[in-house]
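Me: Got a minute to go through this model with me? I'd like to start wherever you think is sensible.

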Amino acid sequence: MSEVTLSVGGKHYTVACAAGQEAHITKLGSMIDAKIASLNGSRTNYDAQNLLFAALFLADELIEARSETLEQASGPSAEEKAAMALEKVAERIEKLSQKLEEPLPAS
């Protein structure tokens with residue numbers, strides 16, 4: 001078990017973490033600190049409330065990112081579907097034009 005000291009909102013917090021996770025936890029702490037810093041004008045004197053707002057904003061960003069990932073993973077977009085349909089039409093037109101260029105059988 002390791003410990004990492006995080007600086008969040010001008011205060012220092014020591015948290016325990018698994019060995020090897022120190023850099024990851026430090027990065028997470030930095031993200032929280034940056035989010036609190038972005039609250040500039042709306043900051044209150046209540047540390048817990050500031051942390052809550054930062055957590056809410058980060059959770060919202062996470063939900064948006066997950067939603068975008070699900071949309072991308074769920075299949076082709078409307079533009080991609082249209083492109084595939086146009087490609088099929090182009091292939092069909094090519095086949096038809098090749099048939100039209102074939103000589104007529106002799107009778």
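Reply: Sure. Keep in mind that this is a predicted model. I'd start with Asp 47: its relative accessibility is 32%, so it counts as partly exposed.

Me: OK, and which side chain does Asp 47 meet in a salt bridge?
Reply: That's Lys 11, with 3.0 Å from N to O. The two sit in distant parts of the chain, 36 residues apart: Lys 11 belongs to strand E2, while Asp 47 belongs to helix H2, which covers residues 47-73.

Me: Is Lys 11 buried or partly exposed?
Reply: Lys 11 is partly exposed, because its relative accessibility is 40%.

Me: How many salt bridges does the structure hold?
Reply: There are 2. Besides the one between Lys 11 and Asp 47, the side chains of Lys 35 and Glu 61 form a salt bridge at 2.3 Å, N to O. This pair also links distant parts of the chain, with Lys 35 in helix H1 and Glu 61 in helix H2, 26 residues apart.

Me: What makes side chains pair up like that, in general?
Reply: Opposite charges can pair when the charged atoms come close.

Me: And is Lys 35 buried or exposed?
Reply: Buried. Its relative accessibility is 17%, and the cut-off for buried is under 20%, so Lys 35 falls on that side. Glu 61 has a relative accessible area of 40%, so that end of the salt bridge is partly exposed.

Me: What else is Lys 35 in contact with, leaving aside its neighbours within four places in sequence?
Reply: Besides Glu 61, the contacts are Ala 54, Phe 57 and Leu 58. Lys 35 itself lies in H1, which spans residues 22-38.

Me: Switching to the strands. How do E1 and E2 run, and how many bridges join them?
Reply: They run antiparallel, joined by 7 bridges. Together E1 and E2 make a hairpin with 2 residues between them, and Gly 9 in that turn has a positive phi of about 60°.

Me: Which residues in E2 stand opposite Ser 2 and Val 4?
Reply: Ser 2 faces Cys 17 across the pair, and Val 4 has Val 15 opposite.

Me: What about the faces of E1, which residues are on the covered one?
Reply: Ser 2, Val 4, Leu 6 and Val 8 are on the covered face, with Glu 3, Thr 5 and Ser 7 on the uncovered one.

Me: Why do they go every other residue?
Reply: In a regular strand the side chains alternate between the two faces of the sheet.

Me: Which residues make up the largest nonpolar core?
Reply: It has 6 residues in all: Val 4, Leu 6, Val 8, Cys 17, Ile 36 and Ala 54. Strand E1, residues 2-8, gives the most to this core, with 3 residues.

Me: Take Leu 6 then. What does it touch, not counting residues up to four places away in sequence?
Reply: Leu 6 has quite a list: Lys 11, His 12, Tyr 13, Val 15, Ile 25, Thr 26 and Gly 29. So Lys 11 comes up again here, and its relative accessibility of 40% makes it partly exposed.

Me: Tyr 13 is on that list too. Where does it sit?
Reply: Tyr 13 is in strand E2, residues 11-17. Its relative accessible area is 30%, so it counts as partly exposed. It also forms a nonpolar surface patch with Ile 32 and Leu 51, about 200 Å² of accessible area together.

Me: Last topic, helix H3. Where is Arg 92, and how far is it from Met 1?
Reply: Arg 92 lies in H3, residues 78-101. C-alpha to C-alpha, Arg 92 and Met 1 are 65 Å apart in space, and 91 residues apart in sequence. Arg 92 is exposed, because its relative accessible area is 51%.

Me: And is Leu 100 buried or exposed?
Reply: Exposed: Leu 100 has a relative accessibility of 75%. Leu 100 is in H3 as well, and 67 Å separates its C-alpha atom from that of Ser 38, 62 residues apart along the chain.

How values were computed. Residues numbered from 1 in each chain as written. Predicted model: local features only at pLDDT ≥ 70, side-chain atom pairs only at ≥ 80, totals over all residues. Heavy atoms only, no water. Patch = residues over 30% accessible without salt bridge, like charges linked within 9 Å, V, L, I, M, F, W, Y side chains within 5 Å. Areas by Shrake-Rupley, 256 points an atom, 1.4 Å probe, with all protein chains shown as cover. Salt bridge = Lys/Arg side-chain N within 4 Å of Asp/Glu carboxyl O. Helix = DSSP H or I, 4+ residues; strand = E, 2+ residues; numbered from the N terminus. Buried < 20%, exposed > 50% of the residue type's maximum accessible area, 1.4 Å probe, protein only. Core = buried A, V, L, I, M, F, W, Y, C linked by side-chain atoms within 4.5 Å. Contact = heavy atoms within 4.5 Å. Pairing = 2+ DSSP bridges.
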